[in-house]
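Subject: A structure for you to explore

Hi there,

Here is the structure I promised to pass on. Have a look around it first, and then read my notes below.

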Amino acid sequence: ASRIEGPAGGELAIGGVGVTALAEQYGTPLHIMDEDGLRRQIRRFIDGLRERWPNSEVLFASKSLPAVGMYRIAQEEGLAVDIAGGGELVLALAAGVAPERLHFHGNAKTDDELRMALDAGIGTIIVDNEDELDRLERLLERPQKLLLRVIPGVEAETHASQATGGDKSKFGLPMDQAGRAIARMQAHPLMEFEGVHLHIGSQILNTRQFAQAVENISTVGTFPVYDVGGGLGVQYTYDEPAPSVDEYLDAIVAAAREHLPADAKLMIEPGRSVVARAGVTLYRVVSVKRTGDVFVAIDGGLADQMDIALTAQRYEALLADRIDEPWTESVQLVGRQCESGDLFIDGAPLPEARVGDLVVMPATGAYAYTLSNNYNGALKPAIVFVRDGASRLVTRRETYDDLLATHAPAIESSPTAS
Ligand code: LLP
C-alpha cells in the first residue's frame with residue numbers, strides 16, 4: 001500500500017509524505033496508515049461481497065486496529081463493526097458508529113459489558129455459551145438480536161494460537177450442543193435468534209478451509225443469517241504470498257451457493273486483511289553493534305510489536321531514508337525490550353545501517369497497535385493517517401504522565417509526596 005517516491009533522494013514516502021518529516025513531526029516508533037490504500041481495501045471487501053451475494057454485510061473486526069480514527073473510517077465506508085469487549089464498545093461509540101451496526105463478540109462477556117451494550121442499543125450479540133444466555137435472561141428488557149457462535153470443526157492451518165475452529169476451541173459451542181442453546185433462544189420472548197456464527201482463526205492462507213467451514217456450519221440448520229467470521233491471511237514477506245480478497249470471496253460464496261439457503265444473509269468479519277498492508281511502522285536506529293553478528297537495534301520492540309513473539313510472525317524491513325542503496329549485509333534487527341526474543345528479523349538484508357537511520361517495517365497495520373503495551377515502561381506509539389501529501393494524527397503517543405496517571409493513588413498516599 002505504501003508508495004515509493006524516488007529515485008531522487010532515496011527516501012520512502014507514504015501517502016505522499018516523506019518518512020523523515022513524519023519522524024520529525026510525530027517521533028518514533030510511529031504507526032503510519034495509508035488512508036487511500038485502506039479505503040480501497042475496504043471497498044474490495046464490501047463491493048466484492050455485494051456483487052457475489054447481494055444480501056450481505058462486511059463487519060470490520062475492530063480488534064485489529066481499535067483506534068477511534070479507524071472506527072470513523074469504517075463507519076464512513078459502510079462497514080459494520082465487530083467489537084469484543086467494553087473498551088472497543090466505548091471507542092466505537094465515541095467514533096460515532098451507529099450502535100445498531102455493532103456486533104458484540106467474546107467468550108466471557110461480563111454483566112457490566114452486556115449491560116453497557118444493551119443500554120447503547122447494540123445491533124447483535126454473538127452468544128458464546130449457555131452461561132451468557134443465563135446472563136441475558138436476567139438483563140434483557142427489550143427484544144435483542146442474537147447469533148450463536150458454533151465450532152465448525154475446521155483445524156485451521158496457521159499458528160496454534162490463531163486457530164479457533166477446531167474441536168478444542170474455547171470459543172463457541174460444538175455443533176452437537178448448538179441445538180439446545182438455539183431452542184432456549186427461540187423459546188425466549190425477548191431473544192430474536194437470527195442464525196449462527198463461526199470463526200476458524202487468523203492469518204489463514206488456504207481458502208479451501210473457509211469453504212469447508214461454510215459447508216460444515218450449514219449442517220446446524222436453516223437460518224436467516226450466517227456470519228462466517230474473518231481470518232484471511234495477508235502477505236508479510238516476499239516468500240509467502242497470500243490469496244487476494246477476490247479469491248477469498250470466490251471460495252466462501254461458492255460454498256454458500258452450494259450449502260446455504262439462497263435467501264440467507266451472509267456476513268464476514270475481516271480484520272487483519274483490511275488493515276495490515278495499509279500500515280507500516282517507522283522506527284529509528286539507536287545502535288549498530290558489530291560483534292560476530294551485526295546487531296541493528298531500533299527504538300521499538302515487543303512493546304509495540306508483540307507478534308514477533310506471540311505468533312512468531314516474520315516481517316521485512318527497509319532503511320527508509322536510503323531505499324536507493326543496495327543491500328550489503330544481513331543483520332539481526334533487534335528491539336529494545338529486555339528479552340532475547342525481542343528480535344524483529346533474523347537476517348535482514350540492509351544497506352550498512354547507521355545510528356539515526358529510519359527503518360520501515362511494512363504490513364504492520366493489524367494487531368501491532370492493538371497488542372502494544374508498557375513493557376520496560378515503553379509508551380504506546382502514535383498512529384497517523386497519511387493521504388495526498390498530508391498527515392493527520394488520529395491517536396497520540398502516550399506520555400510519561402499517562403504512564404504515571406494509573407499509579408496516582410500510590411503516589412498520593414506516599415509518605416514522601418508533599
Ligand atoms: N472475528 C472474530 C470472532 C475474531 O476473533 C477475529 C480475530 C476476527 C473476526 C478477525 O480475524 P482476522 O480477519 O483479523 O484474522 N493476536 C493475533 C490475532 C488474533 C486474532 C483474533 N481474532 C495476532 O496478532 O496475530
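What follows is a short tour of what was found, starting with the domains and ending with the annotated residues.

Please keep in mind that this is a predicted model.

The two domains

The domain assignment splits the chain into domain 1 (8-33 + 277-405) and domain 2 (35-275). If you look at the numbers, domain 1 is made of two stretches of the chain, and domain 2 is written as one. The C-alpha centres of domain 1 and domain 2 are 31 Å apart.

How many residues of each domain are in contact with the other? On one side there are 24 residues of domain 1, and on the other 23 residues of domain 2. On the domain 1 side, the elements giving two or more residues are β19 (382-387) and β20 (390-395). The largest share there comes from β19, with four residues. By class, this side of domain 1 has 13 nonpolar, seven polar and four charged residues.

Around the ligand

Next, the ligand. There are 22 residues around the ligand, and A61, S202, G230, G271 and R272 come nearest. The elements that give two or more residues to this shell are α10 and α11 (307-310). Sorted by class, the shell has 11 polar, six nonpolar and five charged residues. Both domains take part: domain 1 and domain 2 each supply at least three residues to the shell.

The annotated residues

Which residues does UniProt list under "binding site"? The record, an unreviewed entry, names R272, E339 and Y367. These residues span 96 residues in sequence and their farthest two C-alpha atoms lie 26.3 Å apart, so they do not all gather at one spot.

Let's take R272 first. R272 sits in helix α10 (residues 272-275), and R272 is also among the residues that come nearest to the ligand. Is R272 buried or exposed? R272 has 25 C-beta neighbours inside 10 Å, and 20 or more make a residue buried, so R272 counts as buried. Leaving out residues up to four places away in sequence, R272 touches S64, S202, Q203, V234, A366 and Y367. Y367, one of these contacts, is also on the UniProt list.

E339 gives another picture. E339 lies in the loop between β16 (329-334) and β17 (343-350). E339 has 12 C-beta neighbours inside 10 Å, and 12 or fewer make a residue exposed, so E339 counts as exposed.

Try finding R272 and E339 in the viewer yourself.

Enjoy exploring!

Key: Residues numbered from 1 in each chain as written. Predicted model: local features only at pLDDT ≥ 70, side-chain atom pairs only at ≥ 80, totals over all residues. UniProt positions renumbered as here; feature names shortened; annotations may be inferred. Contact = placed C-beta atoms within 7 Å. Near = placed C-beta within 6 Å. Nonpolar A, V, L, I, M, F, W, Y, C, P; charged D, E, K, R; others polar. Domains from an automatic or database assignment.
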